[in-house]
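Please open the model in a viewer and keep the selection panel at hand. The tour proceeds from the whole chain to individual residues and then to enclosed space.

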Amino acid sequence: MSYNLSVDNKHFGQNVAFQAKGQSVNKISEELLQNLNKKQRFLAKVIDLKEGDAGLSHSRFAQATITNWFPKSIFARSLADLSEITFLEVSEGALFFYLPSLMGEYFSRRKIFSKKLPQSLRSEVSKPVKEIIKDTKSAQKLLPVKAAIVMSCAAIPAAEYALSFAKNLFTLKVFKKADFSSVVNLDKNKKEDKSAQERVEKSSISHIKKAGLFSAGAFGLSLLIGTFGQKSKLVAKLSEAFLNPGAKIYKGLNKCGVESQKLSKFLDKYLNLDFARKADGSLALGNGQLAVTVLSGVGGYFGAAKDRGKLDVQEVATRVPVIALYTIFGSSLFDEGFKRILYNNHKFADILKYDKQTKEFSVAKLNDIPTIAKDLSKGDSALLKQKTLELFKGKATIAMVPFLFSLVVVGGLLALISRLWTQYRYNHGVGNDNFQKQNQA
């Protein structure tokens, strides 16, 4: 569970957008490519893939899945362990990159709930809540419908929660293993306890069913709200609070004398179930929705680990909270901090800008590099190539350092540390002869 889901230069790793079928990543400028060698062209394609407006994309899905799968698979301890890693990463990749777009934009919004609005308001439902409430007449109709769309997507965090239990069931059915020490090859001679296997199977099926019932119940409630809620001012107010609880919380704190732009921005960003909005007006997974989905996954990881023993729980406790925090907060904080260091040291000033009003950094797009290089070279062809390469180097540094940090440190190093700690715990606990004798006694 560690996804760099960014398609936005300003918030690398957080603002998750999804494109319609048939759209593609922006084509790289030939002016840029002709000044690059083969290795640099390959790097340019990687950067273009990361910053392109691509979400519902096979290439985007493949890139994220491989990035998360590869460092973990290196340290796989058995075929069963490798299979579990593959199962989780492929499933989570599909969940993050396909399900939100299919459910939120194409199914819930277009096929169901937009049709419950007057024609003139159907395109307005994708607007942020802050903009919708400015028009009190349309807000009463739009807010319940928007809340219904969000609620209908409850299957996304529910699926993330159920995924770990599905993983346990997969390993049990394919490899006939339910004990964690056996799954990760810590105890090669251990015989599986049939009663433990039955318990794991029963628990997994039960949690998967509960997740399905929760999703169905939320979807049924969303139909009621979307159909009948437009007639009630109370439902509209409740919908507003449901969509952006962070704004309501800060409003209450503000009445108590608390004033902080940073706190307001934080609450509005992470305690906000509203969708993000793409340039074309379509819905995208927001930061608050990402946080809810990740936290649901954390609950599923711990619940499924508990079914398979103390060692599994301890390994999850070592690894998953760090990954979850990095996925929700860390990637954007690391990216912003890295840009701030570069900016304060006057590095890559031609492509890295800071807006003092919005207090956000922005980076020139890949295809902007030739134009900027022309302005800097002022007609000197030799200088043009030099400036193009300098700007590309800066672009590559800004884009790839956070990506490599996620790949090497959050993915690889954390996987290695958690596995070493598990081996240590096993050697000084469950796998220790004195421990076993004491346990038997």
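What percentage of the 441 residues in the protein chain is made up of buried residues? The share is 48%. The model is a predicted one.

**The whole chain**

Select the protein chain and display it as a cartoon: 18 helices and 4 strands should appear. Switch next to a surface representation. The accessible surface of the chain comes to about 22,100 Å², and carbon and sulfur atoms account for 60% of that area. For the internal contacts, consider pairs of residues at least 6 apart in sequence; 72% of such contacts join residues at least 24 apart.

**Proline 100**

Select proline 100, which lies in helix 5, spanning residues 99-112. Proline 100 counts as buried because its relative accessibility is 6%, where the cut-off for buried is under 20%. Add leucine 283 to the selection. Although 183 residues separate leucine 283 from proline 100 along the chain, their C-alpha atoms are 9.0 Å apart.

**Histidine 207**

Move to helix 10, residues 194-228, and select histidine 207 within it. Leaving aside residues up to four places away in sequence, histidine 207 touches Tyr161 and Phe165. Now include glycine 300: its C-alpha atom is separated by 9.0 Å from that of histidine 207, with the two positions 93 residues apart along the chain.

**Two cysteines**

Select cysteine 153 and then cysteine 256. Is each one buried or exposed? Cysteine 153 is buried, since its relative accessible area is 7%, whereas cysteine 256 is exposed, with a value of 66%. The count of disulfides in the model is 0.

**The cavities**

Finally, turn to the interior. Rolling a probe the size of a water molecule over the atoms shows where empty space is left. The model has 4 cavities of 30 Å³ or more, and the largest has a volume of about 280 Å³. Which residues are closest to the centre of this largest cavity? Select Ile85, Leu88, Tyr301, Glu315 and Arg319, which hold that position among the 25 residues of the lining.

To see the surrounding elements, colour helix 4 (79-97), helix 8 (155-175), helix 14 (287-307), helix 15 (310-344) and helix 17 (381-427); each gives two or more residues to the lining of the largest cavity. Colouring that lining by class then shows 12 nonpolar, 2 polar and 11 charged residues.

Note on methods
Residues numbered from 1 in each chain as written. Predicted model: local features only at pLDDT ≥ 70, side-chain atom pairs only at ≥ 80, totals over all residues. Heavy atoms only, no water. 1 Å grid on protein atoms, 1.4 Å probe; cavity = no way out; pocket = protein on both sides within 12 Å on 5 of 7 lines; lining within 4 Å. Points joined across faces, edges and corners; volume = space filled by probe spheres on them. Nonpolar A, V, L, I, M, F, W, Y, C, P; charged D, E, K, R; others polar. Disulfide = S-S within 2.5 Å. Buried < 20%, exposed > 50% of the residue type's maximum accessible area, 1.4 Å probe, protein only. Contact = heavy atoms within 4.5 Å. Areas by Shrake-Rupley, 256 points an atom, 1.4 Å probe, with all protein chains shown as cover.
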